[in-house]
Amino acid sequence: MSLSKNDVLRSQKGAALRGTIYVPGDKSISHRSLIFGSLAIGSSQISGLLESADVLATKDALIALGVEIIKTQNGDWQVNGVGLNGMVSPLKPLDLGNSGTGVRLLMGVVAGQDITATFTGDASLSTRPMARITDPLSTMGASISTRDGQLPVTIKGTSTPLAHQHRSEVASAQVKSAILLSGLNGRGTTQITEPYASRDHTESMLRYFGANVQQTFVDNGSHIISLQGEAVLHGRQINVPRDPSSAAFAIVAALITPDSDVMIPGISINPLRTGLLDTLVEMGGSIERVNERNEGGEVIADLRVKSSQLYGIEVPASRAASMIDEYPILSVAAAAASGKTDMHGVAELRVKETDRIKVMADGLRQCGVDVAYSDDSIQVNGQVTGNKIMGGVTLSAQHDHRIGMSFLTLGLITEHPITVSGCTTIETSFPNFAANMTQLGASIIVDAI
Ligand code: S3P
């Protein structure tokens with residue numbers, strides 16, 4: 001079931017969720033496997049790549065930069081790397097669509113080579129902050145022009161970037177990764193300090209491809225990453241684990257739908273991505289990690305989730321980086337919980353695909369949930385046991401995939417159905433979301449308007 005421009009989806013209360021759901025490949029690792037494969041010498045084979053709009057935009061941009069990327073017969077991908085100085089200036093602007101990860105990581109790639117490229121994106125990406133990336137890349141030697149710190153951005157890179165010691169204000173894997181990608185060609189050591197550890201797929205994968213990357217986790221929560229410049233990367237085999245951020249919707253749906261028992265196999269449980277799992281377990285959720293194993297440098301597990309009575313808790317700011325994409329769906333779990341859930345340190349949500357604090361709060365309120373918020377916090381007053389959430393509204397996902405899937409998950413327990421418009425971007429991270437959830441027993445249908 002592929003979504004067309006005019007589709008709206010509707011979800012409603014129905015059966016218990018039962019069975020197994022296979023969520024798609026991890027988005028962060030998919031982007032990185034294409035990018036690092038392109039910068040390596042020799043070919044890389046990728047299995048389990050997330051074939052979503054965001055990742056395919058990165059793939060097309062890399063092809064425009066001169067890399068050969070082939071989908072092999074069995075659905076796997078082969079990237080014939082060109083090395084760290086082998087890319088060419090693209091003939092046209094690189095359009096990364098909705099993808100913040102794609103555009104920001106590729107800016108780092110272009111900044112570290114003797115090539116020039118212009119980056120564009122869709123309406124949402126064009127309003128997102130880029131100075132946090134372009135400022136350090138300029139310090140490293142790239143010549144950059146932007147439209148007031150937003151797209152379009154043009155970068156004239158240099159193959160001799162300066163090694164840079166960067167202290168980031170925000171815990172952002174995208175900022176960190178752009179600087180590290182530029183630093184691969186640097187002379188000397190590039191070092192980044194982030195206030196809390198953000199996902200470290202770039203660090204792990206760079207090491208796996210042959211670069212010298214060190215990580216220090218400091219007692220105050222901060223994270224220091226050092227990369228030795230003049231690196232050489234070698235092609236590798238990558239098995240992309242399944243995405244915990246996509247699994248999040250099935251996990252919460254199973255927890256809040258009575259009598260559910262769902263298996264979600266092969267999910268990355270990288271400790272810098274498990275903030276939501278930890279939080280839901282603290283809230284009383286029954287989530288069992290079964291068959292933990294290590295595959296291609298990432299720890300994965302099968303998750304067994306059973307419906308549970310959830311209780312509101314305090315979610316500390318120190319956890320935000322490890323669950324930054326999961327606050328919309330956590331807000332849904334909090335609405336179904338009894339008592340107040342207080343989420344702190346979430347200011348970064350304001351600069352995601354939408355202002356996720358405001359859009360979630362507005363939608364929940366329309367459904368009858370008591371929500372308060374500030375610039376960097378959200379408080380959801382959940383249902384006292386026995387109380388009901390009314391729903392019965394049409395909400396706009398405002399073209400934000402995670403908002404769309406969160407509202408649809410909420411509709412599985414509201415008294416009246418929830419209709420969600422503006423959700424075609426669900427395909428940027430979770431193609432076939434509705435069909436996969438329906439196979440578990442969820443009632444989510446497409447309504448063409
Ligand atoms: C991502 C990092 C996060 C996250 C995004 C994917 C990545 O963004 O929100 O969906 O793959 O590096 P920030 O690093 O800006 O927090």
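Buried residues account for 59% of the 449 residues in the protein, going by a model that is predicted. What remains accessible adds up to about 16,100 Å² of exposed surface, and carbon and sulfur atoms supply 48% of that area.

As for the overall build, the chain runs through 12 helices and 24 strands. The radius of gyration comes out at 21 Å, close to the 22 Å that the globule rule gives for 449 residues, so the protein is as compact as a globular protein of that length. Measured out along the principal axes, the box that the C-alpha atoms fill is roughly 65 × 50 × 45 Å. Contacts also reach well along the sequence: of those with a separation of 6 or more, 76% link residues 24 or more positions apart.

Then there is the inside. The largest nonpolar core takes in 75 residues, and I251, I264, L280, Y327 and L330 have the most contacts within it. Helix α7, spanning residues 244–256, gives this core its largest share, namely 10 residues. L280 is a handy place to look around: leaving aside residues up to four places away in sequence, L280 touches I251, V252, L255, G285, I287, L310, L330 and A333. Apart from all this sits a second, separate core, made of 59 residues, with L84, L94, L105 and V153 among them.

Charges round off the picture. The protein carries 35 positive and 43 negative charges, and the mean positions of the two sets lie 1 Å apart.

Methods. Residues are numbered from 1 along each chain as its sequence is written. This is a predicted model: local features need pLDDT of at least 70, side-chain atom pairs count only at pLDDT 80 or more; totals for chains, interfaces and linings use all residues. Side-chain values use heavy atoms; hydrogens and water are left out. A nonpolar core is a set of buried Ala, Val, Leu, Ile, Met, Phe, Trp, Tyr and Cys residues joined through side-chain atoms within 4.5 Å. Buried means under 20% relative accessible area, exposed over 50%, partly exposed in between (1.4 Å probe, protein chains only). Helices (H or I, at least four residues) and strands (E, at least two) are DSSP runs, numbered from the N terminus. Contact means heavy atoms within 4.5 Å. The radius of gyration is taken over C-alpha atoms; the globule rule is 2.2 Å times the number of residues to the power 0.38. Accessible areas come from the Shrake-Rupley method with a 1.4 Å probe; for residues, only the protein chains shown count as cover. Lys and Arg count as positive and Asp and Glu as negative; His and the chain ends are not counted. The place of a charge is taken as NZ of Lys, CZ of Arg, CG of Asp or CD of Glu.
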